[in-house]
Each structure stands twice: as structure tokens, then as C-alpha cells.
Amino acid sequence: DGFSQDENGDAVPWMSYPAIDFLGKNLTKNQSIFEFGLGASTLFFSGRVGKVVSLETRESWRGVVAKMLQEKRRENVEINLMPDGLENKNYENFAKDYAEKSGEKFDLIIVDSLKRFECAKNSVEALKPGGAIILDDSERENYKKIFDFFAQNGFKKTDFFGIAPGQLRIKNTTVFRR
């Protein structure tokens, strides 16, 4: 399918391998996940949790991932498309608005797309008690304000440094939890 795969042939997210290992050991079928941006992570999570809600901006990419989900008979994924996500204020509020409208909050929210600071900050209200927000590529210097925001709001962080599928550099995936 073009994605990096684990020993069982399942897609693995482009997060650091230590984070993938941690998630693989701790995800359960009674959890729900929201993700900004879909891809290999969608395939990975859909095989391990009860529900995945994704927000994507590219129609062509949505089609590619939807086809793979169908081939794997993963029917627990809801894909939402917002082509104008870069300009649309609803993008960074999507998880919060979704939780308000549906009454469903999330165990995990993955921020790996556009407007990362706004998405991370605005998604806190969409977390279940004990839930976590995952920030990928968190080694980037320009994400310092995300770390500062979570520290000021009582979140603890766990960093997972390591290489990632298809990458030969050290990167970081950070989990923020209250």
C-alpha cells in the first residue's frame, strides 16, 4: 500500500518508533481518536481502537486512504473533508465542535497537520478525562509555544525521540496528558 508496515503487514504512522511501540501497547478497542490529517496513522489506529474521526484537507489523499480502509474492512473511521482548511477557522476548532455537537469526547487527539498550535490549543476541551494530545514532529523549534501552552495548563509531557518509518533522522513525538 506504499506505507511502512509492521511485522503483520499493517501500516505504521510516521511517528517515532518509540511512540509507535508505546501506542501499540496501550491502545484498546474501547478508545476513540481524533486526528488532524489522515494517512498511515489512520490505518494504524483503526485496527486498534473503536473509533477514529479524521479531518483532511486534500480530496485526492482522502480517496487513497478511504480505499485502503475499505480493502482492510475498517468501518470504524469517519473521514471529514475540509479543502479550505488553511483559511477556514472551523479547521482548528473541528475536534472541539465535533465533541460539542456529538457529545463524544476523545481519548487521544493527534495533531500532525496544518495550524498545529491552534489545533492543539483548541482541542483540549474535546478530550475525555485522562485523555492525551499527541504532537508529532515536536522537535521543531517553532513548536515551543505549544509546549509552553501545555505546561501553563497543567499538562505533563512524555517525549518519544527516535527514528521514524522512512526517515533516517532523530525526531520526536510528544504525548501531553493532564
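Thr57 counts as buried, at 18% relative accessibility; buried means under 20% relative accessible area, exposed over 50%, and partly exposed in between, with a 1.4 Å probe and protein chains only. Thr57 sits in the loop between strand 2 and helix 3. Not counting residues up to four places away in sequence, Thr57 touches Leu81, Met82, Pro83, Gly85, Tyr91 and Leu114, where contact means heavy atoms within 4.5 Å.

The model is predicted: local features need pLDDT of at least 70, side-chain atom pairs count only at pLDDT 80 or more, and totals for chains, interfaces and linings use all residues. Residues are numbered from 1 along each chain as its sequence is written, and side-chain values use heavy atoms, with hydrogens and water left out.

## Overall layout

The protein has six helices and seven strands, and along the sequence they follow the pattern α-β-α-β-α-β-α-β-α-β-α-β-β. Helices (H or I, at least four residues) and strands (E, at least two) are DSSP runs, numbered from the N terminus. The radius of gyration of the protein is 15 Å, close to the 16 Å that the globule rule gives for 178 residues, so the protein is as compact as a globular protein of that length. That radius is taken over C-alpha atoms, and the globule rule is 2.2 Å times the number of residues to the power 0.38.

Along its principal axes, the C-alpha trace spans about 45 × 35 × 30 Å. Of the 178 residues, 53% count as buried. Among contacts with a separation of 6 or more, 60% come from residues 24 or more positions apart. The accessible surface of the protein is about 8,800 Å², and carbon and sulfur atoms hold 50% of this surface. Accessible areas come from the Shrake-Rupley method with a 1.4 Å probe; for residues, only the protein chains shown count as cover.

## Cores and strand pairing

The largest nonpolar core has 28 residues, and those with the most contacts inside it are Phe34, Phe36, Ile109, Val111 and Phe150. Strand 1, strand 2, helix 4, strand 4, helix 5, strand 5 and helix 6 are the elements that give two or more residues to this core. A second, separate core of 26 residues includes Val12, Ile20, Leu38 and Phe160. A nonpolar core is a set of buried Ala, Val, Leu, Ile, Met, Phe, Trp, Tyr and Cys residues joined through side-chain atoms within 4.5 Å.

Leaving aside neighbours within four places in sequence, Val111 is in contact with Phe36, Arg116, Cys119, Ala120, Ile133, Ile134, Leu135 and Asp136. Leu135 is also the bridge partner of Val111 in strand 5. Strand 4 and strand 5 pair in the parallel sense over five bridges; two strands pair if DSSP finds at least two bridges between them. Between these strands the chain passes through helix 5, and the β-α-β crossover is right-handed. A crossover has that hand if, with the strands pointing away from the viewer, the path from the first strand over the helix to the second runs clockwise.

Strand 5 is mostly covered, with seven of its ten residues buried. Five bridges also join strand 5 to strand 7 (residues 171-177), and this pair runs antiparallel. In strand 7, Thr174 stands opposite Leu135.

## Helix 4 and its ends

Asn93 lies in the loop between strand 3 and helix 4 and is buried, with a relative accessible area of 16%. Asn93 and Lys157 are 64 residues apart in sequence and 22 Å apart in space, C-alpha to C-alpha.

Helix 4 covers residues 94-102, and its buried residues are Phe94, Ala95, Lys96, Tyr98 and Ala99. An α-helix has 3.6 residues a turn, so residues three or four places apart point the same way. The buried residues of helix 4 pack against strand 1 (32-36), strand 2 (51-56), strand 3 (77-81), strand 4 (106-111) and helix 5 (116-123). After helix 4 comes Gly103, whose phi is positive, near 75 degrees.

## Positive phi outside glycine

Two residues other than glycine with positive phi are set out below.

| Residue | Phi | Loop | Relative accessible area |
|---|---|---|---|
| Arg73 | about 55 degrees | between helix 3 (59-71) and strand 3 | 71%, exposed |
| Asp137 | near 60 degrees | between strand 5 (127-136) and helix 6 (144-152) | 7%, buried |
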